[in-house]
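Ready for a few hands-on exercises? Take a look at the model below, then work through each task at your own pace.

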Amino acid sequence: MKKFEIFLVAPPGLEKALVEEVRAAGFAKPKMMPGGVRFRGNWRDVWRANLVLRGAVRVLARLGGFSAMSLGALEKRATDFPWLDVLRRDVPVRVEVTSQKSKIYHQGAAAERIKKVLREAVGIPVAADAPVLLKTRIDDNHVTFSIDTSGESLHKRGHKEAVAKAPMRETMAALFLRQMGFDGQEPVLDPMCGSGTFVIEAAEIAAGLKPGRSRHFAFEHLAGFDAAAWQAMRAQGPATAPAVLFYGSDRDAGAVTMSTANAKRAGVADWTRFTQGSASEITPPEGPPGLVIVNPPYGARVGNKKQLFGLYAGLGRALLERFSGWRVGIVTTDGGLARATGLPLLEPGPPVAHGGLRVKLYRTDPLP
């Protein structure tokens with residue numbers, strides 16, 4: 001099968017963790033770059049990337065491009081582009097254009113020319129709510145066409161209905177778990193679990209479940225899509241029962257109910273346990289030490305920051321007193337709040353964009 005460039009969009013700041021995941025998943029020669037990871041592959045690689053990668057936000061297939069210095073040249077060269085190799089006349093398309101450092105600077109006008117070509121010259125309908133998105137990038141007078149093969153963002157696994165306030169996206173949670181060295185062999189505990197994202201991701205990783213197993217993708221609407229081959233690839237064998245369990249707790253009873261329901265829909269209810277309680281009251285479960293990972297309130301958006309120092313300090317005391325041998329990861333916007341735990345923190349990871357804020361992962365080695 002013909003190979004082309006595939007670009008994986010990363011959560012901003014987590015490109016390094018994503019390229020490590022891509023390499024571990026067996027994709028050939030991935031290269032990290034600002035905003036994501038690229039590699040060369042075929043359409044089966046596109047399908048598999050959408051299905052198995054936990055950290056990618058979306059998967060873009062680069063269709064090709066050309067140079068154009070004017071709207072007229074853009075329209076003429078787009079008319080000759082082999083659209084029907086990828087797009088179908090019975091499936092509508094959306095068009096997005098970005099332009100920088102180019103003589104074609106009016107993005108709206110460029111989008112209209114491309115829509116005109118698709119409608120009038122090729123016979124492909126264009127609609128604002130179309131299931132397929134054609135992304136056009138004009139950079140230094142070079143036009144590049146890409147298809148968003150994912151559709152909805154890949155953090156939408158297809159089985160979480162209940163979402164807490166200020167949620168951690170599944171893609172980010174998976175990459176933070178990777179940064180903590182989690183490989184599915186140790187227990188995980190989140191003492192402020194919200195809708196259960198860290199706990200459910202950890203359980204899925206340990207059970208060998210494919211993150212895209214429960215949803216549909218935009219590539220299913222493209223020319224040449226082989227439904228039978230895709231079903232064979234997507235077929236999920238029986239989950240591997242993990243050797244350990246995964247735990248979440250929250251002082252909010254509604255969060256515990258949400259997490260329990262989400263874990264059941266994800267098929268990991270047998271390996272997860274959710275209880276109600278404050279973070280300062282947590283105790284380690286029976287069994288080997290593992291990983292505590294938590295995304296506490298930051299004060300910037302939920303509640304008042306001054307009141308949070310006591311919350312972080314109480315969490316830190318509980319961990320230092322009771323969790324010897326466990327590693328800790330804290331995701332927060334504020335180094336002062338992280339240090340208020342009193343934990344022996346390592347140098348934090350890079351800043352990561354999260355809901356309009358910039359968070360960092362503060363880690364520890366195994367606690368004394």
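**Exercise 1.** Find which residues L87 touches, skipping residues up to four places away in sequence.

*Solution.* Start from L87 and look for contacts (heavy atoms within 4.5 Å). You should land on V93, L118, I124, V132, I147, L222 and A223. Before moving on, note that this is a predicted model, where local features need pLDDT of at least 70, side-chain atom pairs count only at pLDDT 80 or more, and totals for chains, interfaces and linings use all residues. Residues are numbered from 1 along each chain as its sequence is written, and side-chain values use heavy atoms, with hydrogens and water left out.

**Exercise 2.** Work out how strand 3 pairs with strand 1 and with strand 2.

*Solution.* First, the terms: strands are DSSP runs (E, at least two residues; helices are H or I, at least four), numbered from the N terminus, and two of them pair if DSSP finds at least two bridges. Next, strand 1 (residues 4-9) runs antiparallel to strand 3 (residues 36-41) over six bridges, with L8 partnered by V37. Then strand 2 (residues 31-33) also pairs antiparallel with strand 3, over three bridges, and K31 sits opposite R38. Finally, check the hairpin of strands 2 and 3: two residues lie between the strands, and G35 has a positive phi near 95 degrees.

**Exercise 3.** Find which residues make the contact between helix 2 and helix 7.

*Solution.* Locate helix 2 (residues 43-52) and helix 7 (residues 227-234). Helix 2 brings R44, W47, R48 and L51, while helix 7 brings A229, W230, M233 and R234.

How values were computed: Axes are lines fitted to C-alpha atoms, for helices over the stretch in contact, and angles run from 0 to 180 degrees between N-to-C directions.
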